[in-house]
Amino acid sequence: MHSNAPSVVQDNEVLVEVKKTGICGSDVHYLTHGRIGDFVVNAPMVLGHESSGVVYKVGSKVKDLKPGDQVALEPGQSCATCEFCKSGRYHLCADMVFAATPPYDGTLARYYKLRSDIAYKLPPSMSLEDGAMIEPTAVAVHSVSTLAKFQPEQSIAVFGAGPVGILCMAVAKALGARRIVAIDIAPHRLEFAKNYAATDAFLPPKMEEGETKPAYSARAAALLKEQFGLCKRR
C-alpha cells in the first residue's frame, strides 16, 4: 500500500499521506487555461493546495508530531530566514514555494512532504474534511480580521459570493457583524449566501448598450445605496 512513499525525509520534515483535498479556483484555472497571470504551466504539475492528511513519517528532529497524527497542511513554504519571515510576515517571502504554483507540485497526491512547523495537528473533534478547509478559511480570516481589522457591530460588503467570499462572510458573522451584504452577478450564489451567512444580497444590473464602465459603476452603486438605504460617508 505504501510502496510509492518517498524514502528520504529531512530532519525537520514530515511526510504526510494526503486524505482530503479541496479544489480551488486556481486549480481550475491551471487545468483549463494553463496559467494564472505570469505563472505559466510549462510542464506536468500536480494540482491542489487545500489539504489534510495523516503523518506517515517524521524527520529525526521532529518532536511535536508522530506517525498517525492527523494534520492540516500549510501550502506555502517560506525561506524562514529573510526579514519578512523573521517579522512574522512570511507570506511576503520572495522565496516562497507554494504548492500547485508553477513550477512546484501541489498536494493532490498520495504523499506530500513539508516542514513540520507548517503541518498543524488537528484536534480529535475535527474531521480531515474540515481540516482541509483550514487553508481557505485562513485566507478569509486574514482578509477580514487582519487586513480589514473588522470589529463587532460593523457592516461589511463582500464582492463575489464564491467559496472564499462565502468564507469571508462567515468570518464576519463570527466576529459579530451587524450587516453582511453579498454582491454577485450569479443569483444562485446570492441565494446560497443568504442561506449561509449574508443578511442581504445585491444583484447588480446589467450594463446598458453604450454605457461606459465608470457610468455603469456609478449607476450600480446608486442602486445599491437605494436598495439598502445607505447614506453617504461624512
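Of the 234 residues in this protein chain, 38% count as buried, where buried means under 20% relative accessible area, exposed over 50%, and partly exposed in between (1.4 Å probe, protein chains only). The model is predicted, so to speak of a local feature takes pLDDT of at least 70 and a side-chain atom pair counts only at pLDDT 80 or more, while totals for chains, interfaces and linings use all residues. Residues are numbered from 1 along each chain as its sequence is written, and side-chain values use heavy atoms, with hydrogens and water left out.

**Exercise 1. Get your bearings: how many helices and strands are there in the protein chain?**

Step 1. Go through the chain and you'll find 7 helices and 12 strands. Helices (H or I, at least four residues) and strands (E, at least two) are DSSP runs, numbered from the N terminus.

Step 2. Now for the overall dimensions: the C-alpha atoms fill a box of roughly 65 × 40 × 40 Å along the principal axes.

Step 3. Add the record. UniProt, in an unreviewed entry, lists "domain: Alcohol dehydrogenase-like N-terminal" for residues 11–123 and "domain: Alcohol dehydrogenase-like C-terminal" for residues 163–204. These positions are given in the numbering used here, the feature names are shortened, and annotations may be inferred rather than shown by experiment.

Step 4. Look at what each span is made of. Residues 11–123 are 12% helix and 35% strand, with end C-alpha atoms 25 Å apart. Residues 163–204 are 52% helix and 19% strand, and their end C-alpha atoms lie 19 Å apart.

**Exercise 2. Follow strand β1 and work out which strands it pairs with.**

Step 1. Find β1 at residues 13–22; 7 of its 10 residues are buried, so the rest of the structure largely encloses it.

Step 2. Check one partner: β1 and β8 run antiparallel, joined by 5 bridges. Two strands pair if DSSP finds at least two bridges between them. Here E17 has Y111 in β8 as its bridge partner.

Step 3. Check the other: β1 pairs with β4 over 8 bridges, again in the antiparallel sense. In this pairing, V14 stands opposite V58 of β4.

**Exercise 3. Sort out two of the aromatic pairs: which is tilted, and which is stacked?**

Step 1. Start with the total, which is 3 aromatic pairs. Rings of Phe, Tyr and Trp (its six-membered ring) pair if their centres lie within 6.5 Å; planes under 30 degrees apart count as stacked, over 60 as edge-to-face and the rest as tilted.

Step 2. Take Y56 and Y111, 5.5 Å centre to centre with 50° between the planes: that's the tilted pair. It links distant parts of the chain, since Y56 is in strand β4 and Y111 in strand β8, 55 residues apart. Y56 is partly exposed at 29% relative accessible area, whereas Y111 is buried at 10%.

Step 3. Take F192 and Y196, 5.8 Å centre to centre with 20° between the planes: that's the stacked pair. Both sit in helix α6 (residues 187–196), 4 residues apart, or about one turn of the helix. F192 is partly exposed at 49%, and Y196 is partly exposed at 41%.

**Exercise 4. Explore the largest pocket: which element gives the most to its lining?**

Step 1. Begin with the space inside, about 540 Å³. A pocket is an open set of points on a 1 Å grid over the protein atoms alone, where a 1.4 Å probe fits, with protein on both sides within 12 Å along at least five of seven lines; lining residues have an atom within 4 Å of a point. Its volume is the space filled by probe spheres set on the points, which are joined across faces, edges and corners.

Step 2. Count the lining: 20 residues, with E74, Y90, H91, E135 and A138 the closest to the centre.

Step 3. Trace where they come from. β4, β5, α3 and α4 each supply at least two, and α4 gives the most, with 5 residues.

Step 4. Split the lining by type: 11 nonpolar, 6 polar and 3 charged. Ala, Val, Leu, Ile, Met, Phe, Trp, Tyr, Cys and Pro count as nonpolar, Asp, Glu, Lys and Arg as charged, and the others, Gly among them, as polar.

**Exercise 5. Look for unusual backbone: where is the cis peptide bond?**

Step 1. Recall that most residues other than glycine have a negative phi, and most peptide bonds are trans.

Step 2. The cis bond joins P102 and P103, with omega about 10°. P103 is in the loop between β7 and β8.

Step 3. For positive phi, try K149, at about 55°. K149 lies in the loop between α4 and β10 and is exposed at 56%.
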